[in-house]
Amino acid sequence: MKKTIALLGSTGSIGTQTLRCCKNLGYGVDVLAANRNAALLETQAREFHPRCVVVSDKTAYADLKTRLADTDIRLLAGVEGMCEAASLPGVDVVCNAVVGMVGLRPTLAAIAAKKTVALANKETLVAGGRLVMDAAEENGVDLLPVDSEHSAIFQSLQGNDRAALKKIILTASGGPFRGKTAKELEGMTAADALRHPNWSMGAKITVDSATLMNKGLEFIEAMWLFGLSPDQIEIVVHPQSVVHSAVEYADGAVIAQMGTPDMAVPIQYALTWPHRAPTDARRLSLTDYGSLTFEKPDCGTFVCLDICIEAARRSGLYPCAVNAANEYAVGRFLAGELKFLDIGRCVGYILERFSCNTDELYTLEEVLEAEDAARALAEAYCARR
Ligand SMILES: NC(=O)C1=CN([C@@H]2O[C@H](COP(=O)(O)OP(=O)(O)OC[C@H]3O[C@@H](n4cnc5c(N)ncnc54)[C@H](OP(=O)(O)O)[C@@H]3O)[C@@H](O)[C@H]2O)C=CC1
Ligand SMILES: CC(=O)[C@@H](O)[C@H](O)COP(=O)(O)O
Ligand SMILES: [Mn+2]
């Protein structure tokens, strides 16, 4: 069955790969959305002929208006525009590939409009997991993971007895700084952190991978997606990124999904589920790898992982707060204004200073207030560094 997609974050790493999958599958693209890359949005719009393009940045909006003046494509602006576009009649699947918790409201809008959601934007679940999962259940909407580990878990659950799931093994590459000491990390620059050993991704997630914050965010993402408690998730560092994650069942059987590190597989599976279609992903040859290795994460050096787990245990708006602090600190690090280890220090400081109700029944307004409060605390902290 050919589907029609609304793609939020179309100019990014996941966005551009999703467009390749759409082309491969012959799927239509009704919506393209991005922040400021007007030139690429124009190219994509001329190739995919969407009904609607959304752009957040005001200057880019004016630029794109000129660029698309000869077309009948509707131009919308900002988060409101993404929410409207995610709800358009005729859209079957909303693929949310924007970076950061700015993706939360469009995810909720897509669910309210009863669209299937292919979710790459993990910050959505970290910040507002309860809101998203409740809304998906109320609206009978499928929330399909794009994140490679969560897709692996999802794939390992297919056709198995869900009630017999005991725990999951969430794999981590360890990032570009695996094995380094805190002393060695002090001088690491953004250019160093952006050299991921296995995956080519956007800047923010690549830095998150270097701090292990990515694995902390994924820990919380997995709790929500699969209804797990913190004790049911084991993090294992696997530097080759071939075993994308695994599930252990009551009888002791462990089922993993493997493959070369290529996002084409999880992206396309989220679009075609429950079916599979060919991709051009590089095939796995186990004998070429020869050996696959596994080790425990160094949580003493890479503090962000335990900070996220502690935030998850505290529950409520704590995960939202640490996520917001991390978004702020990573932005400052990428701008060359903060040291690498200060990211973890900042996120840890926010976990200690932030205070909130741990009631899971928070509202969207409370999530956005928590984001603002945590960001303000992070800003004050970083100003003193
Ligand atoms: N890359 C990967 O392999 C993986 C990514 N993910 C997750 O997927 C998400 C996207 O990651 P990735 O593709 O790497 O990120 P990129 O930085 O490459 O792309 C981000 C996209 O989001 C858009 N965007 C950013 N801010 C806004 C905004 N305010 N309004 C509208 N659009 C916005 C960007 O637009 P513009 O280009 O105009 O700035 C761009 O299209 C993240 O949550 C990440 O954690 C998960 C697993 C793997
Ligand atoms: C491709 C993907 O899903 C990323 O989230 C990846 O997992 C990052 O690798 P790390 O395991 O290094 O965080
Ligand atoms: Mn991942």
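**Hairpin.** I started at Val247 and looked up its partner: it stands opposite Ile255 in β11. This is a predicted model, so I take everything below as read from a prediction. Next I checked how the two strands run. β10 (residues 243-249) and β11 (residues 254-258) pair in the antiparallel sense, and I count five bridges. Four residues sit between the strands of this hairpin. Gly252 caught my eye there, with a positive phi near 95°.

**Helix pair.** I moved on to α5 (residues 104-112) and α6. Their axes are 9 Å apart and the packing angle is about 5°. The cut-off for roughly parallel is under 35 degrees, so α5 counts as roughly parallel to α6. Then I noted who makes the contact. From α5 it is Leu104, Thr107, Leu108, Ile111 and Ala112. α6 contributes a list that includes Thr124, Ala127, Leu131, Val132 and Asn139. Which classes turn up in this contact? I get nine nonpolar and four polar residues, with no charged ones.

**Ligand 1.** Last stop was the ligand shell. 31 residues surround ligand 1, and the closest are Gly12, Asn35, Ser56, Met201 and Gly202. The elements giving two or more residues to that shell are α1 (13-25), β2 (28-34), α6 (122-139) and α10 (203-211). So α6 shows up in my notes again: it packs with α5 and also lends residues to the shell. By class I have 13 nonpolar, 13 polar and five charged residues around the ligand. Where do they come from, by domain? Domain 1 (4-145) and domain 2 (148-312) each supply at least three residues.

Terms used
Residues numbered from 1 in each chain as written. Chains lettered and ligands numbered in written order. Predicted model: local features only at pLDDT ≥ 70, side-chain atom pairs only at ≥ 80, totals over all residues. Near = placed C-beta within 6 Å. Nonpolar A, V, L, I, M, F, W, Y, C, P; charged D, E, K, R; others polar. Domains from an automatic or database assignment. Pairing = 2+ DSSP bridges. Axes fitted to C-alpha atoms, helices over the stretch in contact; angles between N-to-C directions. Parallel < 35°, antiparallel > 145°, perpendicular 65-115°, else oblique. Contact = placed C-beta atoms within 7 Å.
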